[in-house]
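Student: I am new to this structure and would like to learn how to read its features one at a time. Could you take me through them slowly?

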Amino acid sequence: MSVSPTRRDLDPEQVRRYLTASLGPAAEVADCGPLTGGGFAAVWWVRLGDGREVVLKVGPPPHVPLLRYEHDMIGAEARYLRLVAARAPAVPVPSLLHHGCHPDLGDWLLTARLPGRTLAELTRAGADVGPLRAEFGRALAALHAVTGHRYGYDSGRAAAPTWRAAYTAMVDDLLADAADWAVPLPATRLRELVARHATALDVVRRPALLHFDGWAGNVLAVDGPDGTPRLSGLVDGERHLWGDPLLDLVSPLLFRRAEDEPDDPLVRAYRAAAPFPLDAGARRRLGLYRLHLYLLMTVEMPSRAITAESDPGRVARLAELLDAELSDLARPVG
């Protein structure tokens, strides 16, 4: 499997340098090792000499080209963690211990390490994850209660005073990235279909805080007293943005359609906490948001060194999913 060029190649000695820069020369690394699952940043677990367990996340080297929305993502996660701790304390996220930036070391985060296994691991093991998915739905609803001042990303990335304009800018940036990386896409058709249906986004009048990357690998759980997995953490908020809460129902039901599964524990719990109708307008917005996610996952492949040879299943599946959403948007509304 290919290694993403955005992920730094760290070793234990480099990890010690980051820990010293974060916590001072008295910080002692008792043990450490890489964590798997993500392709953007290098992520290592570290056990300190005093017994604490922390997580080090280091951003890409400065010379590595990134997608437009990926600039300052380590800083974005630091801002997200501070924001959630202050304004949505019921949402379990790691405590931010340090955010550093240094000419030699780059951009990095040090956080507390949350306990638990991922929802993806538990699902593969055949655990009863229904209650956990319901907790996750309620946590998303609590996160979405936080309101911002603009839609889209922060730090000079795609943003606008309206959700329609921000969403369109996000799609335009991904299409510009596709052109930069020579990713073959039906760009004209895509722009035309987004423009045709973008009025559906005007119903969104409040920029809610969105995690965006809530796939099963970013949801942690520990066993409760009865042995049922319970939510212990929602991690990797580096891709957060401000917009329509429905956007956050796409990644948790990856490659599925939330509007077709109203009895999924996550969807049901979310709608109980933050009711919304699954009407034609909501369905159209969810279709646009799946289109955005599949577009992003397609465009990012060259920057992660993913090709049809290295991962043919992903390439073929995303092409099929993207085409299905485009075909759905091309059907007459009625």
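Tutor: What follows is a walk through sheets, single residues, cores and a cavity, and please keep in mind throughout that this is a predicted model.

Student: Let us begin with a sheet: in what order do the three strands of the open sheet lie?

Tutor: To read a sheet, one follows the strands from partner to partner and notes the sense of each pairing. Here the three strands of the open sheet follow the order 6-10-11, with antiparallel pairing. Strand 6 and strand 11, which spans 229-234, are at the edges with a single partner strand each, so each has one side without a neighbour in the sheet. Packed on this sheet is helix 4 (residues 130-144), which touches strand 10 and strand 11, and its direction makes about 35 degrees with that of strand 11.

Student: How many bridges join strand 6 to strand 10, and how many bridges does strand 10 form with strand 11?

Tutor: Strand 6 is joined to strand 10 (residues 219-223) by two bridges, and these strands run antiparallel. Strand 10 and strand 11 are paired over five bridges, also in the antiparallel sense. Within that second pairing, Val219 lies opposite Leu234 of strand 11, while Leu220 lies opposite Gly233 of strand 11. The two strands make a hairpin with five residues between them, and in its turn Gly227 has a positive phi of about 90 degrees.

Student: Is strand 11 largely enclosed or left open by the rest of the structure?

Tutor: An edge position in a sheet and burial are separate readings, and it helps to take them one after the other. Of the six residues of strand 11, five are buried, so the strand is largely enclosed by the rest of the structure.

Student: How would I read a single residue, and is Thr118 buried or exposed?

Tutor: For one residue, I would take its place, its accessibility and its contacts in turn. Thr118 lies in strand 6 (residues 117-118), and it counts as buried because its relative accessibility is 16%, which is under the 20% cut-off. Its bridge partner in strand 10 is Leu220. Apart from neighbours within four places in sequence, Thr118 contacts Ala216, Gly217, Val219 and Leu220.

Student: And where is Ser95 found?

Tutor: Ser95 is in the loop between helix 2 (73-87) and strand 4, and with a relative accessible area of 43% it is partly exposed. Leaving out residues up to four places away in sequence, Ser95 touches Leu110, Thr111 and Ala112.

Student: Since strand 4 has come up, what order do the five strands of the other open sheet take?

Tutor: Those five strands are arranged in the order 1-2-3-5-4, and their pairing is antiparallel. Strand 1 (29-34) and strand 4 (96-102) are the edge strands, pairing on one side only. On average, neighbouring strands of this sheet are turned by 20 degrees against each other, direction ignored. As one pairing to look at, strand 1 and strand 2 (residues 42-48) are antiparallel over five bridges, with Val29 opposite Leu48 in strand 2.

Student: How do I read a nonpolar core, and which residues touch the most other members of the largest one?

Tutor: In soluble globular proteins, nonpolar side chains tend to be buried together. In this model the largest nonpolar core has 84 residues, and Trp163 and Tyr289 are the ones touching the most other members. Helix 8 (residues 280-299) supplies the largest share of this core, eleven residues. Not counting residues up to four places away in sequence, the contacts of Trp163 include Tyr151, Met170, Leu201, Trp242 and Tyr289. A second, separate core has 16 residues, among them Val15, Leu56, Val58 and Trp108.

Student: Finally, what lines the largest cavity?

Tutor: For a cavity, one asks about its volume and then about the residues around it. There is one cavity of 30 Å³ or more, and the volume of the largest cavity is about 60 Å³. Its lining consists of Tyr69, Tyr153, Ala158, Met170, Asp173, Leu174, Asp177, His292 and Leu296. Helix 5 (163-180) and helix 8 are the elements that each give two or more residues to this lining, and helix 5 provides the largest share, four residues.

Methods:
Residues are numbered from 1 along each chain as its sequence is written. This is a predicted model: local features need pLDDT of at least 70, side-chain atom pairs count only at pLDDT 80 or more; totals for chains, interfaces and linings use all residues. Side-chain values use heavy atoms; hydrogens and water are left out. Buried means under 20% relative accessible area, exposed over 50%, partly exposed in between (1.4 Å probe, protein chains only). Contact means heavy atoms within 4.5 Å. Two strands pair if DSSP finds at least two bridges between them. Axes are lines fitted to C-alpha atoms, for helices over the stretch in contact, and angles run from 0 to 180 degrees between N-to-C directions. A nonpolar core is a set of buried Ala, Val, Leu, Ile, Met, Phe, Trp, Tyr and Cys residues joined through side-chain atoms within 4.5 Å. On a 1 Å grid over the protein atoms alone, a cavity is a set of points where a 1.4 Å probe fits but cannot get out, and a pocket is an open set with protein on both sides within 12 Å along at least five of seven lines; lining residues have an atom within 4 Å of a point. Grid points are joined across faces, edges and corners, and a volume is the space filled by probe spheres set on the points.
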